[in-house]
Amino acid sequence: MKASVCTLGCRVNQYESDAIAEGLRARGFTLVPYGEACDVVILNTCTVTGESDRKSRQLIRRTVRTVPGAVVIVTGCFSQISPQAAAALGADVVVGNEDKGRIADIAYTLVSTGAADIRTAVCDDLRITTPRRARAYIKIEDGCENRCAYCIIPAARGQVRSRPAAQVVSEVATVASAGCCEVILTGIETGSYGRDLENMRLEMLLEQVDKVPGIRRIALGSLDPAVLRPSFLERASTLSHLLPHFHLSVQSGCTKTLHRMRRKYTAEKVLENMTCARKRIPGVTFSADVIVGFPGETEEDFLETVAFCKSARFLHLHIFPYSVRKGTEAAGMPDQIPAPEKRRRGAYLAAVQKEVQDALLDRYVREHETRPVYVLGEKWERGITHGHTEHFVPCEIPTDRDCTGQILPVYLIGRKDSVLKGKV
């Protein structure tokens, strides 16, 4: 039996796809690249934006057309929100997010007998045991209760459900014993971890993961800026292996826009929390997500975001033009911004961010000409080891052997755009 898995969307989806693939192998399937002839194809879809919906629909159509004879199982957020649409596009089976843990069993039953018993699961029991690389994503939480005006994900993922700390630690220990030295703890709303558990918060989980033998680097998925509260930073600053880099789901640098988005913080509070983090964790860096062209965003509001991003000094900035998502509050808001204007604002902010990033990276190189950064080797190709520093900056180092999976002390000698050049 042969199977393939194709994934759209976030890190949580990628983690879940890896776990589904492991389940398929355990059931006797051989995994083949997407597009090759096989018995079953699992499509893990996304619905976070209208564009994500379009890509999910396109993927289903293409799979039905180009992999004839294969059973097509569609799962993920698109299937959760639009199961009838997924079925109408040709999916043989549509599986909601909470049933992902049973997909390997469903696939086996379908292929071997031609019938599947698909019932609603209480929660998923996905986990990975054999990481594909030196860095592994570990899902610690599912669901979101923030109800932001632009987002459909709470409807697709449901309420916050945290994995028990012991279960997370056990999985981390398993991947560490298999040779993984870096884990990224991620979720749909990572900062909400522990909200539904007794006497457990994200920083407490980090303290337990920090003690797992073999784990040398711990990173976190995207965080609500409010997570950087003093109590979190105080405990995080004592950890031995937490990387000094946080990716913040900021979304806007204008407090008025944040209010319309139904975000629960102000732009001023974000800067205050980042300042606190810089004091508590020396050398900490930040990246962020920002939406431009949200309904009602004036030119003055946009320029507030530009000024905010300059002050915040983000090392990386992911800029998204607002995308209308049917079924959300924002889709019905007045003063929708025309697409050309959203593109203009995105390009303008990207140009400003490049100036900020260039200055930060030039300083970063100077600071580490004689004081090493530490790069996790992720790929070796044509005599070059590719990886990321502890601040999640991509770096290339000439090596005479494959250093994948090793953490290398590296002196920086320059950069090309946003990629650092170094020597061991």
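Biologist: Why does Phe286 count as buried?

Modeller: This is a predicted model, and in it Phe286 has 0% relative accessibility. Buried means under 20%, so Phe286 counts as buried.

Biologist: What makes Phe246 and Phe286 an aromatic pair, and why is the pair called tilted?

Modeller: Their ring centres are 6.3 Å apart, and rings pair if their centres lie within 6.5 Å. The angle between the planes is 35°. Stacked needs under 30 degrees and edge-to-face over 60, so the pair is tilted.

Biologist: Where in the chain do the two rings lie?

Modeller: Phe246 is in strand 10 and Phe286 in strand 11, 40 residues apart. Phe246 has 1% relative accessibility, so Phe246 also counts as buried.

Biologist: What makes the pair of Phe294 and Tyr322 edge-to-face?

Modeller: The planes of Phe294 and Tyr322 meet at 75°, and over 60 degrees counts as edge-to-face. The centres are 5.3 Å apart, which is within the 6.5 Å limit.

Biologist: How do you know that this pair ties together parts that are apart in sequence?

Modeller: Phe294 lies in the loop between strand 11 and helix 12, and Tyr322 in the loop between strand 12 and helix 13, so the pair joins parts 28 residues apart in sequence. With 0% relative accessibility for Phe294 and 5% for Tyr322, both fall under the 20% cut-off and are buried. Ring pairs also link Tyr150 with Phe294 and Tyr322 in a cluster. The structure holds six aromatic pairs.

Biologist: Why are both faces of strand 9 said to be covered?

Modeller: Side chains in a regular strand alternate between the two faces of the sheet. In strand 9, Arg217 and Ala219 are on one side, Ile218 and Leu220 on the other, and all are buried.

Biologist: How do you know that strand 8 and strand 9 pair?

Modeller: Pairing takes at least two bridges, and strands 8 and 9 have four, in the parallel sense. Glu182 stands opposite Arg217 in strand 9. The chain runs from strand 8 through helix 8 to strand 9 as a right-handed β-α-β crossover.

Biologist: What makes helix 13 stand out in the lining of the second largest pocket?

Modeller: Helix 13 gives four residues, the largest share of that lining. The pocket holds about 480 Å³ of space and is lined by 19 residues, with Tyr364 and Glu367 among those nearest its centre. By class, nine lining residues are nonpolar, four polar and six charged.

Definitions and conventions: Residues are numbered from 1 along each chain as its sequence is written. This is a predicted model: local features need pLDDT of at least 70, side-chain atom pairs count only at pLDDT 80 or more; totals for chains, interfaces and linings use all residues. Side-chain values use heavy atoms; hydrogens and water are left out. On a 1 Å grid over the protein atoms alone, a cavity is a set of points where a 1.4 Å probe fits but cannot get out, and a pocket is an open set with protein on both sides within 12 Å along at least five of seven lines; lining residues have an atom within 4 Å of a point. Grid points are joined across faces, edges and corners, and a volume is the space filled by probe spheres set on the points. Helices (H or I, at least four residues) and strands (E, at least two) are DSSP runs, numbered from the N terminus. Ala, Val, Leu, Ile, Met, Phe, Trp, Tyr, Cys and Pro count as nonpolar, Asp, Glu, Lys and Arg as charged, and the others, Gly among them, as polar. Buried means under 20% relative accessible area, exposed over 50%, partly exposed in between (1.4 Å probe, protein chains only). A crossover is right-handed if, with the strands pointing away from the viewer, the path from the first strand over the helix to the second runs clockwise.
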